[in-house]
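Work through the exercises below with the sequence and the model side by side. Each task is followed by a solution in steps.

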Amino acid sequence: GEYGDLLLTPYSYDPPPTEATEAEGGVVSEAVNFGALEPKSVVDIVEEVMNRHTCPLEVKSRALTCFVKLRERFADKPDSEATLEKLAVLVRKHEGSQEL
């Protein structure tokens, strides 16, 4: 939830060059690149994890918190109306739960 909006932008990190090599026992860092996700994809991934039959109750609770936070983070994103409605439905689905 806190970092949901960061998933919507691409990320790239190129470590500075070092003189150590793997052959010399040094660690060689590699570049890290992530593509941007759509809000719908972020919600779908969290929902998929939450719906697994092996998902612990604590993870489901955190997923619900995530849905509430994502609703705030995605509110100003273009073309996010359907995603915002899905988030509201996912939260409402568990309103009566005594466990969550």
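**Exercise 1. Find the partner of E85 and describe the setting of the pair.**

Step 1. E85 forms a salt bridge with R92, and their closest N and O atoms are 3.2 Å apart. A salt bridge here is a side-chain nitrogen of Lys or Arg within 4 Å of a carboxyl oxygen of Asp or Glu.

Step 2. E85 counts as partly exposed because its relative accessibility is 43%. R92 is partly exposed as well, with a relative accessible area of 44%. The classes are buried (under 20% relative accessible area), exposed (over 50%) and partly exposed (in between), computed with a 1.4 Å probe and protein chains only.

Step 3. Elsewhere, K40, D44, E47 and K86 are joined into one network by salt bridges that share partners.

Before going on, note that this is a predicted model: local features need pLDDT of at least 70, side-chain atom pairs count only at pLDDT 80 or more, and totals for chains, interfaces and linings use all residues. Residues are numbered from 1 along each chain as its sequence is written, and side-chain values use heavy atoms, with hydrogens and water left out.

**Exercise 2. State how many salt bridges the whole structure has, and describe two that involve E48 and E58.**

Step 1. The search of the whole structure gives 6 salt bridges.

Step 2. E48 pairs with R52, with 3.6 Å between the closest N and O atoms. R52 is partly exposed, at 44% relative accessibility.

Step 3. E58 pairs with R62, also through a salt bridge, at 3.6 Å from N to O. Both residues lie in helix α2, 4 residues apart, which is about one turn of the helix. E58 and R62 are both exposed.

**Exercise 3. List the secondary structure of the protein chain in sequence order.**

Step 1. Count the elements: there are 3 helices and 2 strands. Helices (H or I, at least four residues) and strands (E, at least two) are DSSP runs, numbered from the N terminus.

Step 2. Put them in order: the pattern along the sequence is β-β-α-α-α.

Step 3. Add chain totals. The protein chain has 100 residues, of which 23% count as buried. Its accessible surface is about 7,500 Å², and 53% of that belongs to carbon and sulfur atoms. Accessible areas come from the Shrake-Rupley method with a 1.4 Å probe; for residues, only the protein chains shown count as cover.

**Exercise 4. Identify the residues that touch the most other members of the largest nonpolar core, and say which helices supply the core.**

Step 1. The core has 14 residues, and those touching the most other members are V43, F67, L70, F74 and L87. A nonpolar core is a set of buried Ala, Val, Leu, Ile, Met, Phe, Trp, Tyr and Cys residues joined through side-chain atoms within 4.5 Å.

Step 2. At least two residues of this core come from each of α1, α2 (57-73) and α3. The largest share, 5 residues, is supplied by α2.

**Exercise 5. Decide whether T83 is buried or exposed, and list its contacts beyond its sequence neighbours.**

Step 1. T83 is in helix α3.

Step 2. T83 counts as buried because its relative accessibility is 9%.

Step 3. Apart from neighbours within four places in sequence, T83 is in contact (heavy atoms within 4.5 Å) with P39, K40, V43 and F74.

Step 4. Compare A82, which belongs to helix α3 (residues 81-92). A82 counts as exposed, at 62% relative accessibility. The C-alpha atoms of A82 and K40 are separated by 8.3 Å, while the two residues are 42 apart along the chain.

**Exercise 6. Describe what the backbone of D79 shows.**

Step 1. D79 lies in the loop between α2 and α3, and D79 counts as exposed because its relative accessibility is 73%.

Step 2. D79 is not a glycine, yet its phi is positive, about 55°. Most residues other than glycine have a negative phi.

**Exercise 7. Report the number of disulfides and the burial of C55 and C66.**

Step 1. There are 0 disulfides in the whole structure, a disulfide being a pair of cysteine sulfur atoms within 2.5 Å.

Step 2. C55 is buried, with a relative accessible area of 10%. C66 is buried too, at 13%.
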